[in-house]
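Let's take a walk through a structure together, one contact at a time. Keep the picture open beside you and look up each residue as we get to it.

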Protein chains: 2
Amino acid sequence: MTAEVGPKLRSDARDNRERILAVARLAFATEGVDVPIREIARRAEVGPATLYRHFPTKDALLAEAFAEQMETCSAIVAEGLAAADPWQGFRLVVERLMELHALDRGFARVFTSRLPEAVFAADRDRTLRMLLDLVGRAKKAGPLRRDFVVEDLSLALMANEGIRAESPATRVAASRRFAALMIQSFMAEPVAAPLPPPVRLPLSRA
Amino acid sequence: MTAEVGPKLRSDARDNRERILAVARLAFATEGVDVPIREIARRAEVGPATLYRHFPTKDALLAEAFAEQMETCSAIVAEGLAAADPWQGFRLVVERLMELHALDRGFARVFTSRLPEAVFAADRDRTLRMLLDLVGRAKKAGPLRRDFVVEDLSLALMANEGIRAESPATRVAASRRFAALMIQSFMAEPVAAPLPPPVRLPLSRA
DNA sequence: AGACAACCGGACGGGGTGTTCCGTTACGGT
DNA sequence: ACCGTAACGGAACACCCCGTCCGGTTGTCT
């Protein structure tokens with residue numbers, strides 16, 4: 001997964017490459033995908049040209065930076081699929097996916113778009129297929145409403161992306177409550193369950 | 001509301017002003033608030049300077065352009081407040097607010113931000129106060145869950161804003177289903193109700 | 001009809017972004 | 001220690017955005 005040693009890189013080049021990726025991951029996660037390339041280069045103490053030599057385009061950088069997050073997504077769904085109770089598995093998947101997306105603003109954006117041309121398409125489709133399986137089981141087990149479709153989870157993830165807040169902490173808190181609400185709405189024979197604490201959203205500027 | 005004749009404008013100036021506003025409303029609604037000023041000027045067949053003479057800043061244009069939408073928001077809540085059944089009123093408010101926000105991308109953004117410095121603050125607060133009243137009644141009447149807070153509606157509106165789609169039609173359709181789901185999750189003693197048709201979201205680029 | 005004020009639009013300067021050119025540096029094998 | 005070459009980074013390119021200034025044009029009032 002994280003190997004791809006490919007062509008032998010010079011030591012300084014390899015260092016730079018990894019430093020750029022680390023900086024980019026942090027920046028994209030906390031500030032979103034709109035962080036300028038130059039800024040990432042600056043923080044990695046590297047010239048813009050160096051960055052472009054390693055990643056021929058911004059999409060390439062995004063793809064590389066989010067590869068592990070994409071992997072995490074698959075892992076989350078796989079884990080949910082492995083749960084004894086399909087409904088609890090589904091529920092867990094929704095909660096953890098939303099938390100992941102709330103923690104990494106950039107990844108959320110990329111996941112619900114098709115920014116890196118088709119780099120993620122395969123992974124995403126694989127994940128969605130697993131999810132389809134899980135949904136089927138959760139319906140058969142009863143608690144998931146029959147008219148639920150996988151697209152509803154995409155919808156929920158997109159919606160989750162709309163939640164903005166000054167700090168990551170409040171964003172995650174808000175996202176948690178939102179996830180709980182969505183799960184409520186996905187139940188076939190719902191029973192009102194307690195929610196995570198409400199969050200006051202102070203109308204950020206962006 | 002829509003009067004404010006203020007200083008007598010020359011006939012051509014008044015024409016331009018209204019044309020700019022019409023174009024701006026359309027552009028902001030369909031493409032969001034990030035439409036460049038110059039582009040709006042171009043579509044209104046007017047120079048940039050003319051636009052700036054009428055609206056000294058982009059925020060001023062936004063404020064003026066969305067004034068009527070803001071009014072509509074108040075009207076929607078007022079109407080919900082006037083309904084015989086508070087829960088039906090609340091439900092209607094949620095549905096209509098979300099539809100309004102889905103129809104007007106720019107307004108949704110402005111409503112959940114504080115872009116025009118404090119132009120909308122008063123209206124928004126007034127609307128929120130009415131909403132608070134409605135929420136109280138809907139709780140007292142029973143169907144609205146006790147741990148619901150007004151911030152949950154803000155949350156839902158923000159989330160609604162995250163729903164992107166190529167065409168306004170699919171966006172509205174998706175938003176409608178989303179609203180139905182959210183309403184489900186707001187019920188104190190929920191009973192699974194049928195949902196609007198599911199929507200396939202073809203992963204737009206933006 | 002004429003004259004003045006108000007209005008118009010093209011052009012300007014300042015700032016920001018993704019991407020590329022090219023002269024310089026320094027790694028690493030001999 | 002040496003030197004070929006991979007890798008570097010600052011500057012520059014092309015594009016887009018905002019907000020302003022200025023000389024020409026047009027409406028309106030006498």
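Start at DNA strand D, where a phosphate oxygen sits 2.4 Å from an N or O atom in the side chain of A:Asn16. Before going on, keep in mind that this is a predicted model, and the distances here are computed from it.

Now stay with DNA strand D and find two more spots on chain A. At A:Gly47 it's the backbone that does the job: one of its polar atoms is 3.1 Å from a phosphate oxygen of DNA strand D. At A:Arg38 the partner is a base, with an N or O atom of the side chain 3.1 Å from a base nitrogen of DNA strand D.

Zoom out a little. Which residues come nearest to DNA strand D? There are 22 residues around this strand, and the nearest are A:Arg10, A:Asn16, B:Ser11, B:Arg38 and B:Tyr52. Look at the chain letters as you find them, then at the helices. On chain A, α1 and α3 each supply at least two residues of the surface near DNA strand D, and on chain B so do α1, α2 (37-43) and α3. The largest share comes from α3(A), with five residues. Sorted by class, this surface has nine charged, eight nonpolar and five polar residues. And what part of the DNA is being touched? Of the atoms of DNA strand D within 4 Å of the protein, 63% belong to sugar or phosphate, and the rest belong to bases.

Next, hop over to DNA strand C. Here 23 residues surround the strand, and the closest are A:Arg38, A:Tyr52, A:Lys58, B:Asn16 and B:Gly47. You've already met A:Arg38 beside a base of DNA strand D; on DNA strand C, a polar side-chain atom of A:Arg38 lies 2.8 Å from a base oxygen. Two backbones deal with phosphates on this strand. A backbone N or O atom of B:Gly47 lies 2.6 Å from a phosphate oxygen of DNA strand C, and a polar backbone atom of A:Ile37 is 2.9 Å from a phosphate oxygen of that strand.

Which helix gives the most to the surface near DNA strand C? That's α3(B), with four residues. Helices that each supply at least two residues here include α1 (11-31) and α2 (37-43) of chain A, along with α1 (11-31) of chain B. The class count for this surface is eight nonpolar, six polar and nine charged residues. Of the atoms of DNA strand C within 4 Å of the protein, 61% are from sugar or phosphate, and bases make up the rest.

Finally, leave the DNA and look at how the two protein chains meet. The contact takes 45 residues from chain A and 46 from chain B. Together the chains bury about 3800 Å², with 56% of that on carbon and sulfur atoms. There are charged partners here too: six salt bridges cross the interface. One to look up is the pair A:Asp152 and B:Arg177, whose closest N and O atoms are 2.6 Å apart. On the side of chain B that touches chain A, α6 (105-111), α8 (150-162) and α9 (168-186) each supply at least two residues. The largest share, eight residues, comes from α9(B). By class, that side of chain B has 26 nonpolar, 14 charged and six polar residues.

Technical notes
Residues numbered from 1 in each chain as written. Chains lettered and ligands numbered in written order. Predicted model: local features only at pLDDT ≥ 70, side-chain atom pairs only at ≥ 80, totals over all residues. Heavy atoms only, no water. Near = heavy atom within 4 Å. Polar contact = N/O pair within 3.5 Å; in protein donor to acceptor, adjacent residues only side chain to side chain. Nonpolar A, V, L, I, M, F, W, Y, C, P; charged D, E, K, R; others polar. Contact = heavy atoms within 4.5 Å. Buried area = accessible area lost by both parts, 1.4 Å probe. Salt bridge = Lys/Arg side-chain N within 4 Å of Asp/Glu carboxyl O.
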